[in-house]
Amino acid sequence: MATLTAIRIEGGLLGPDVLDQLLAGELPGQRPADFGITGRRGLTEEIAAIFADARALWGVFQHRLERLPENDLATTVTRDAWAIPFFGLLGFELRYNQRAYEVDGQSFAVSHRAGEADDAPPVHIVGAGQRLGVVAASGRPRLAPHSLLQEYLNRTEQVWGIVTNGATLRLLRDSTFVRRQAYVEFDLRSILEDQRFQDFAALYRLLHRTRLPRGGDNSDCLLEQYYTSLTR
C-alpha cells in the first residue's frame, strides 16, 4: 500500500484501496490516451512534467501572498495566480459564474464551473485566507465553502464538485448523509513543498478533467465508476 500522507479519504467517499489501484493503473481510464495524452510520452512522464509546472506556479503564488496585508483573504490572487492556472494543468477550462445559482429559493455563490456549459461540474475557489470549513467573518456567504458546495450538490442534479482555498482541495459528491461529511482531501501545500510526487500522481489520476462528468449525465463518468464499483 502506498504511503500517501497528503491525501485523506473522509466518510468512505471512495473505497480504501482506490489510491493504490489508481497508481497501479488497475482502474478504468488510466491509459495515457484516456487523459488526452498523444505521442510517445508516457503517463508518468506527463505527470512529472505537470508536477514541475505546478511547483513553479506555487512558488509564484507564495511570493504574491507574501506581499498582501495580513487580513487579506487573497481571493483574487488565489484564483488568478494559482487555482485557475493549476486547474488548467489538469485539463480544466474554468468559467467564472457571473451570478449565484438560485436553487429552492436559496442562493449558492459557487465561483466557477468546469466548462462553458451551464451544467458543467462546479468548482468553488475561495481565498487562501478562508478556511474551507469555516463561515467567512463577514457572514457572507451564509455557509462555509465546503458546506456551500455540498448543499448545492445535494439540491441539484450535479453529482461531483471541487472546492479549494489554494492550499487544501476537496473532491465532493452528492450525499444523502446530513451529519457526516464525505470527501477526498488533498493537502496541496504539503504535496508541492515537500515534493510528494506519488501523492500528486494520485491527484492527477483522480482529478483530471477527463474523470468528471462532461454534461448532465453523470452515470458514465470515471469518478462515478470508481464510486459505484468501490462502494458496493
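**View 1. Gln 21 sits in helix H1 (residues 18–23).** Helices here are DSSP runs of H or I with at least four residues, strands are E runs of at least two, and both are numbered from the N terminus. Gln 21 is partly exposed, with a relative accessible area of 22%. That label covers the range between buried (under 20% relative accessible area) and exposed (over 50%), using a 1.4 Å probe and protein chains only. Along the chain, Gln 21 and Ala 202 are 181 residues apart, yet 9.6 Å separates their C-alpha atoms. A word on what you are looking at: this is a predicted model, in which local features need pLDDT of at least 70 and side-chain atom pairs count only at pLDDT 80 or more, while totals for chains, interfaces and linings use all residues. Residues are numbered from 1 along each chain as its sequence is written, and side-chain values use heavy atoms, with hydrogens and water left out.

**View 2. An open sheet is built from seven strands.** Follow them across in the order S1-S9-S8-S7-S6-S5-S2, with mixed pairing. Strands of a sheet pair through backbone hydrogen bonds, either parallel or antiparallel. Two strands count as paired if DSSP finds at least two bridges between them. At the edges stand strand S1 (7–10) and strand S2 (95–96); each has a single partner strand, so one side of each is left without a neighbour in the sheet. Elsewhere in the sheet, S8 and S9 pair in the antiparallel sense over five bridges. Thr 168 can be found opposite Asp 187 in S9.

**View 3. Thr 164 is a buried residue of strand S7.** Its relative accessibility is 1%, which is why Thr 164 counts as buried. The side chain of Thr 164 reaches the backbone nitrogen of Gly 166 at 2.9 Å. Not counting residues up to four places away in sequence, Thr 164 touches Phe 87, His 124, Ile 125, Val 126, Leu 132, Leu 169 and Leu 188. Contact here means heavy atoms within 4.5 Å.

**View 4. Helix H4 (residues 145–155) is mostly covered.** Eight of the eleven residues in H4 are buried, among them Leu 148, Leu 149, Tyr 152 and Leu 153. The buried residues of H4 pack against several strands, including S3 (101–103), S4 (106–108) and S6 (122–125). Strands S7 (160–164), S8 (168–173) and S9 (183–187) also take part in this packing.

**View 5. Aromatic rings pair up across the chain.** The whole structure holds twelve aromatic pairs. Rings of Phe, Tyr and Trp (its six-membered ring) pair if their centres lie within 6.5 Å; planes under 30 degrees apart count as stacked, over 60 as edge-to-face and the rest as tilted. Tyr 101 and Tyr 152 are stacked, because their ring centres are 4.8 Å apart and their planes are at 25 degrees. This pair links distant parts of the chain, with Tyr 101 in strand S3 and Tyr 152 in helix H4, 51 residues apart. Tyr 101 is buried at 17% relative accessibility, and Tyr 152 is buried at 5%. Trp 160 and Tyr 227 form an edge-to-face pair, 6.1 Å centre to centre with 80 degrees between the planes. Here Trp 160 belongs to strand S7 and Tyr 227 to helix H7 (residues 222–230), 67 residues apart. Trp 160 is buried at 0% relative accessibility, whereas Tyr 227 is partly exposed at 23%.

**View 6. Phe 86 and Phe 87 are among the best-connected members of the largest nonpolar core.** A nonpolar core is a set of buried Ala, Val, Leu, Ile, Met, Phe, Trp, Tyr and Cys residues joined through side-chain atoms within 4.5 Å. This one has 58 residues; those touching the most other members are Phe 86, Phe 87, Phe 92, Ile 162, Phe 186 and Leu 206. Helix H2 (residues 43–66) gives the most to this core, with eight residues. Leaving aside neighbours within four places in sequence, Phe 86 is in contact with Ala 54, Leu 57, Leu 169, Leu 188, Phe 200 and Leu 203. Apart from the largest core lies another, of 14 residues, among them Tyr 101, Phe 108, Leu 143 and Leu 153.

Notes
A polar contact is a pair of N or O atoms within 3.5 Å; within protein, one must be able to donate a hydrogen and the other to accept it, and residues adjacent in sequence count only if both atoms are side-chain atoms.
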